Each structure stands twice: as structure tokens, then as C-alpha cells.
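Dear colleague,

I am passing on the structure we spoke of, and my notes on its strands follow below. Please read them with the model open beside you.

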Amino acid sequence: MFDDIILKQQDLTYLKWSHIRNSSGTAGTFLKSQSNLKGEKKYYKLSNFDAAKGIIGHECINEIIVDRLLTILGVEHLNYELINAIIEIEGKEYNTFLCASYDFKNKNESKVALDDYYRLNANPGESHYDFCKRNGWQKQINEMIAVDYLILNRDRHGANIEVLRNSGLKTLRLSPLFDHGLSLLYSCNSEEEYKNFDIRKDIPCNNFIGSKSCEDNLKLINDKRSVFANKLKESDKKQIFNGLEGVLSKTLINKIWDMIYTRYKAYENL
């Protein structure tokens with residue numbers, strides 16, 4: 001059982017929010033904040049925010065759903081917490097759910113976006129996938145490709161994959177998987193849109209590795225059955241959506257699960 005949702009309303013009006021442009025091209029912006037209590041940084045993220053309509057998305061809830069899914073599958077990832085909070089943006093208060101996480105860097109590690117690291121270190125003509133394979137990251141990249149197919153992640157650009165370096169210890173590693181908000185049914189905001197969404201459609205995605213097709217990118221993986229440490233079962237639905245029954249509508253919960261499990265079964269049969 002997961003313990004990652006705080007349903008009791010928290011007063012987080014002290015947080016200061018900065019605007020992050022939505023790289024998917026949809027309307028609105030995403031807002032981020034952070035706190036530093038007793039030397040421990042905590043990062044906060046809102047769903048899609050519109051100055052006129054308020055917080056209109058459910059991307060933060062997607063983070064929790066995917067977090068739980070990856071735990072079940074045995075994929076290394078950043079853990080999130082979903083918080084029911086009162087926040088203040090430009091003098092106006094909002095009651096919303098937001099997600100929070102801690103820094104995944106170890107002490108003395110620095111980070112650089114994978115696309116920047118590739119530009120500085122790739123061999124001439126080397127593909128993004130082959131570059132990661134040469135650096136020993138093939139297993140993690142294969143997991144990422146498979147996960148992004150299951151959840152139809154539309155925003156796995158080169159800055160959403162990070163390289164972590166410790167110059168003193170001379171270590172180099174990929175960050176755990178993070179930032180899955182623009183996935184699943186994030187583009188839908190009504191019961192009608194939930195019902196009409198095509199869960200198998202191969203929507204063009206912003207992928208740094210491979211092509212814009214999450215389905216075509218599966219061809220980069222030689223042995224698909226060895227990617228996940230664990231299998232996904234129908235009974236896992238209860239665990240993944242535990243505590244979210246009052247946060248998301250029943251229609252949306254059922255549609256998201258149908259999407260994940262249908263795509264998982266299709267992945268297993270490829």
C-alpha cells in the first residue's frame with residue numbers, strides 16, 4: 001500500500017511560484033516552486049494553470065499514478081507526493097492538488113541535461129540511443145522507452161533525462177525517471193473527452209531518444225520481455241488508484257487504467 005497522498009488540506013501560501021512554459025504547445029503554463037527546510041530541498045509542481053480559469057489540469061495526479069506504476073514494474077524513478085493544499089498565485093488563493101518531490105542528486109553530484117551532454121561528447125553521426133548504450137545506460141533507456149509507450153508520455157525531451165556527475169569520485173549515471181505529467185489523458189478535461197479518447201492512438205510525442213512515435217521506439221529494444229523486473233496484473237489497479245477515488249472521477253480512473261493495461265498487454269505481445 002502506498003502512503004503518498006496528503007488529503008488533509010495544507011496551507012502552502014508561503015510558496016513562491018515561477019512560470020514554466022508548457023513545451024507541448026497547449027494553452028497555459030506550469031508553475032513550480034521549492035522550499036528548503038533544515039537544509040533539505042523540496043520541489044513542488046502544479047498542474048496546468050490558466051490565469052483566467054485557474055488550475056485546470058490533472059498532470060500532478062498523473063505523476064502519482066505513474067510513480068506507483070513504476071514501483072510495481074520495478075523501474076527506478078523519482079517518488080512524488082500528492083498534497084491537497086491552499087496556495088497563492090499573484091495575490092489570489094487556490095485550493096488544489098500539487099505534487100512534491102525531493103532532490104534525486106547525491107551529495108557532490110552535479111547535473112546536466114542529456115541533450116547537452118550528448119552535444120559535447122557524442123561521436124560523429126552517433127544516434128542518441130547508441131550514445132546512451134555506449135555509456136552503459138541501455139537498460140535505463142530501454143525502461144524509459146517502454147514506460148513512455150505504456151503511458152504515452154508526450155514530453156520526454158532531452159532536458160527531461162539528466163546525467164549526474166561526481167567529479168571527485170569520477171562517477172557518471174543517469175537520473176531516475178522523472179516528470180511524467182504530460183502523459184495518459186492529460187489533454188482531456190471533461191467526461192466526454194475521457195470517454196472519446198483513443199487509448200491505443202500513437203500520438204506524436206516530443207522524444208529525445210528515437211522518433212516521435214512511442215510505438216516505433218519500441219523497435220530499439222531487442223528483448224522487450226527482459227525490460228521490466230515485474231509484471232503488471234489486473235489486480236494492480238486497486239493499488240495504483242488507492243486514495244484517488246475522491247480526486248479523479250470514476251470515468252477518468254477507469255479510462256486511465258484501461259489505457260495502461262491495454263497498452264501493457266499490447267507491449268507484451270509485440
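In which sense do strand S1 and strand S7 pair, and over how many bridges? In this predicted model, strand S1 (residues 5-11) and strand S7 (residues 81-89) run in the parallel sense and are joined over four bridges. One residue to look for here is Asp11, whose bridge partner in S7 is Ile86.

S7 also pairs with strand S8 (residues 92-102), in this case in the antiparallel sense and over nine bridges. Within that pairing, Ile87 stands opposite Tyr94 in S8. The two strands S7 and S8 make a hairpin with two residues between them, and in the turn Glu90 has a positive phi of about 50 degrees.

The other part I would point you to is an open sheet of three strands, which has the order S9-S10-S11 and antiparallel pairing. Its edge strands are S9 (110-113) and S11 (171-174), each of which pairs on one side only. On average, and with direction ignored, neighbouring strands of this sheet are turned by 25 degrees against each other. S9 pairs with strand S10 (residues 162-166) in the antiparallel sense over four bridges, and the bridge partner of Ala113 in S10 is Glu162. Helix H2 (residues 114-121) packs on this sheet, where the helix touches S9, S10 and S11, and the direction of H2 makes about 80 degrees with that of S9.

As you look along these strands, it may help to recall that in a regular strand the side chains alternate between the two faces of the sheet.

With best wishes

Conventions
Residues numbered from 1 in each chain as written. Predicted model: local features only at pLDDT ≥ 70, side-chain atom pairs only at ≥ 80, totals over all residues. Heavy atoms only, no water. Pairing = 2+ DSSP bridges. Axes fitted to C-alpha atoms, helices over the stretch in contact; angles between N-to-C directions. Contact = heavy atoms within 4.5 Å.
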